[in-house]
Amino acid sequence: MATYKKRGGKPKTKADKEAQIEEGSTTAEVFNSLDEGASKTEAWVEKNQKVILGVIAVVAICVLGYFLYQKFIQEPKETEAMNEMFQAQNYWEQALNSPAKDSLYNLSLQGGEGKYGFLDIADTYSGTKAANLSRYYAGMAYLNTNKYQEAIAQLDKFKSDDDILAPLAKGAIGDAFAQLGQNEDALKYYEEAATMRTNDFTTPRFLLKAGIAAMALNKNDKALSHFKKIADDYPKSAEAAKAEIYTGRAEAMKK
């Protein structure tokens, strides 16, 4: 029958007594070590309390400073920038359907009626969402007025996570390079625009442009690959019929 030794009981033999003494000694050593460690920690804290309090104060000041900056500087700056951008956007939108588009695009860039244009908004309100969006509008205005290098410069600075605007900006850089006759660069940007987001609007649009750019470079296999993806994945898109026509041309060029 199994037996057990009740802890805390009186030792019955010399061996039990020695074991109990050793156990008590070990326990005491552990507690002494903990006490000694705690004492050293307390001493270190006491010795360095000024430094510790200084670090805490710095962190608190930084957090408070960030909050105050966002609340009283950044937010009003964002609001002011958006208000400034309203007139520039109005010019830009009018230019889309106006015979005098060049002058309207120029007004959107340079400003009018006492309001900043996109270029000044981007510089004056740097760091705001309005300034970033102004880069996009400015780039597209330059693209539509045949100022391709300026368009590339502005669009390259535009950053966005938006599923539509991000690929549109990237693809517009491709358009600018295509107009400059730099088809290798155009192809690169079209392919980036087609793959950076997947949707029924921008993906087939830039796959088609990538395929056309590839054909211009005699990269017909690559062109066919882009056209085939449109046919397979986006058969109902506006680009599908055009992709079918270009597929025939690319196949003929391979012969």
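Is A130 buried or exposed? A130 is buried, with a relative accessible area of 0%. Here are my notes on the rest, bearing in mind that this is a predicted model.

1. **The overall picture.** The chain has eleven helices and two strands. Reading from the N terminus, the order is α-α-α-β-β-α-α-α-α-α-α-α-α. Of the 255 residues, 34% are buried. As for how the chain folds back on itself, take the contacts between residues at least 6 apart in sequence: 52% of those join residues at least 24 apart.

2. **Back to A130.** This residue sits in helix 5, which covers residues 129–144. Setting aside neighbours within four places in sequence, A130 is in contact with E78, A81, M82, M85 and I121. The pairing with A81 is worth a look in the viewer: the two are 49 residues apart along the chain, yet their C-alpha atoms are separated by 5.8 Å.

3. **M85, on the other side of that contact.** M85 belongs to helix 2, residues 49–96. Like A130, M85 is buried, and its relative accessible area is 0%. Its contacts, again without neighbours up to four places off in sequence, are F118, I121, A130, L133 and S134. So I121 turns up in the contact lists of both A130 and M85. M85 can also be placed relative to K115, 30 residues away along the chain, with 8.0 Å between the C-alpha atoms.

4. **The nonpolar core.** In soluble globular proteins, nonpolar side chains tend to be buried together. Here the largest nonpolar core has 54 residues, and the members touching the most others are W92, F118, Y136, M140, L143, L155 and F227. Helix 5 gives the most to this core, with nine residues. If you want one residue to start from, try M140: leaving out residues up to four places away in sequence, M140 touches W92, L155 and A172.

5. **Helix 5 against helix 6.** How do these two helices pack? Helix 5 and helix 6 (residues 148–157) meet at an angle of about 160°, and their axes are 8 Å apart. An angle over 145 degrees counts as roughly antiparallel, and helix 5 and helix 6 are therefore roughly antiparallel to each other. The crossing is left-handed. On the helix 5 side the contact uses N132, R135, Y136, A138, G139, M140, Y142 and L143, while helix 6 brings Y148, E150, A151, Q154, L155 and K157. By class, that makes eight nonpolar, three polar and three charged residues.

6. **Helix 5 against helix 3.** Helix 3 (residues 101–110) also packs on helix 5, with axes that come within 10 Å and cross at roughly 155°. Helix 3 and helix 5 are therefore roughly antiparallel to each other, and helix 3 passes helix 5 in a left-handed crossing. K101, D102, Y105, S108 and L109 from helix 3 meet A138, A141, Y142 and N144 from helix 5. Sorted by class, the contact has five nonpolar, two polar and two charged residues. Note that A138 and Y142 appear in the contacts with helix 6 and with helix 3.

7. **A buried arginine.** Where is R197? R197 lies in the loop between helix 8 (183–196) and helix 9 (202–216). Despite being in a loop, R197 is buried, with a relative accessible area of 18%. The cut-off for buried is under 20%, so keep that value of 18% in mind when you call R197 buried. R197 touches S160, D161, D162, D163, A166, P167 and T203, not counting residues up to four places away in sequence.

8. **Two positive phi values.** Which residues other than glycine should you check for backbone geometry? One of them is E113, with phi near 55°. E113 is found in the loop between strand 1 (111–112) and strand 2 (115–116), and E113 is exposed, with a relative accessible area of 65%. N218 has a positive phi too, about 60°, although N218 is not a glycine. N218 is placed in the loop between helix 9 and helix 10 (220–233). N218 is exposed as well, at 59% relative accessible area.

Key
Residues are numbered from 1 along each chain as its sequence is written. This is a predicted model: local features need pLDDT of at least 70, side-chain atom pairs count only at pLDDT 80 or more; totals for chains, interfaces and linings use all residues. Side-chain values use heavy atoms; hydrogens and water are left out. Axes are lines fitted to C-alpha atoms, for helices over the stretch in contact, and angles run from 0 to 180 degrees between N-to-C directions. Helices (H or I, at least four residues) and strands (E, at least two) are DSSP runs, numbered from the N terminus. Angles under 35 degrees count as roughly parallel, over 145 as roughly antiparallel, 65 to 115 as roughly perpendicular and the rest as oblique. A crossing is left-handed if the near helix is turned anticlockwise from the far one by less than a right angle, and right-handed if clockwise. Contact means heavy atoms within 4.5 Å. Ala, Val, Leu, Ile, Met, Phe, Trp, Tyr, Cys and Pro count as nonpolar, Asp, Glu, Lys and Arg as charged, and the others, Gly among them, as polar. Buried means under 20% relative accessible area, exposed over 50%, partly exposed in between (1.4 Å probe, protein chains only). A nonpolar core is a set of buried Ala, Val, Leu, Ile, Met, Phe, Trp, Tyr and Cys residues joined through side-chain atoms within 4.5 Å.
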